[in-house]
Amino acid sequence: AILDYRKYLFVNSDLTINVLRQPTGEWICIEAQTLLGPQSGGLAEARIYDEQGLIGRSTQSLVIRPRE
């Protein structure tokens, strides 16, 4: 995890998923990363794959606060 859960709270305020095509096969791969901004915000994004390649992407806005 990019943030220490003992030191920070965060909320995923939305989720957007864009899909290019229906997945095929039994397996899905999600290649995710979290980006942190300087003003208590961030972005979680992911590339979504099946056995044939890229099928879509997702993004989530994050609100981040230190625990008190």
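A salt bridge is defined here as a side-chain nitrogen of Lys or Arg within 4 Å of a carboxyl oxygen of Asp or Glu. The structure is a predicted model, in which local features need pLDDT of at least 70 and side-chain atom pairs count only at pLDDT 80 or more, while totals for chains, interfaces and linings use all residues. Residues are numbered from 1 along each chain as its sequence is written, and side-chain values use heavy atoms, with hydrogens and water left out.

Side chains of opposite charge can pair when their charged atoms come close. A search of the whole structure returns two salt bridges. One of them joins R21 to D50, with the closest N and O atoms 2.7 Å apart. This pair connects distant parts of the chain, 29 residues apart, with R21 in the loop between β2 and β3 and D50 in strand β4. Strands are DSSP runs (E, at least two residues) numbered from the N terminus, and helices are such runs of H or I with at least four residues. Burial is classed by relative accessible area with a 1.4 Å probe and protein chains only: buried is under 20%, exposed is over 50%, and partly exposed lies in between. R21 is partly exposed because its relative accessible area is 27%, whereas D50, at 9%, is buried. The other bridge is formed by the side chains of R6 and D4, at 3.1 Å from N to O. R6 is exposed at 70% relative accessible area, and D4 is partly exposed at 25%.

Strand β4 (residues 41-50) shows an alternation of its side chains. G42, A44, A46, I48 and D50 point to one face and are buried, while G41, L43, E45, R47 and Y49 point to the other and are not. Strand pairing requires at least two DSSP bridges between two strands. Strand β3 (residues 29-36) pairs with β4 in the antiparallel sense over eight bridges, and C29 stands opposite Y49 of β4. β4 also pairs with strand β5 (residues 53-66), again antiparallel, over 10 bridges. The bridge partner of Y49 in β5 is L54.

Two hairpins are described for these strands. That of β3 and β4 has four residues between the strands, and that of β4 and β5 has two. S40, in the loop between β3 and β4, has a phi near 65°, a positive value in a residue other than glycine. With a relative accessible area of 37%, S40 is classed as partly exposed.

Contacts, taken as heavy atoms within 4.5 Å, were examined for individual strand residues, leaving aside neighbours within four places in sequence. A46 is located in strand β4 and is buried, as its relative accessible area is 9%. Its contacts of this kind are with I30, E31, A32, G56, R57 and S58. The C-alpha atoms of A46 and L3 are 17 Å apart in space, with these positions 43 residues apart in sequence numbering. I30 belongs to strand β3 and is exposed at 56% relative accessible area. Beyond its sequence neighbours within four places, I30 is in contact with A46 and R47. The C-alpha atoms of I30 and I48 are separated by 4.7 Å, although the two residues are 18 residues apart along the chain. S58 is placed in strand β5 and counts as buried, with 13% relative accessibility. With neighbours within four places left aside, S58 is in contact with L15, T16, I17, A44, E45, A46 and I48.

L15 and I17 also take part, with V19, in a nonpolar surface patch of about 290 Å² accessible area together. Accessible areas come from the Shrake-Rupley method with a 1.4 Å probe, and for residues only the protein chains shown count as cover. Patches are made of residues with over 30% relative accessible area and no salt bridge; like charges are joined within 9 Å, and nonpolar side chains (Val, Leu, Ile, Met, Phe, Trp, Tyr) within 5 Å. I17 lies in strand β2 (residues 16-19).

A pair of aromatic rings is described by the distance of the centres and the angle of the planes. Rings of Phe, Tyr and Trp (its six-membered ring) pair if their centres lie within 6.5 Å; planes under 30 degrees apart count as stacked, over 60 as edge-to-face and the rest as tilted. One aromatic pair is counted by this rule. Y5 and F10 form this tilted pair, at 5.9 Å centre to centre and 35° between the planes. Y5 is partly exposed at 48% relative accessible area, and F10 is likewise partly exposed, at 33%.
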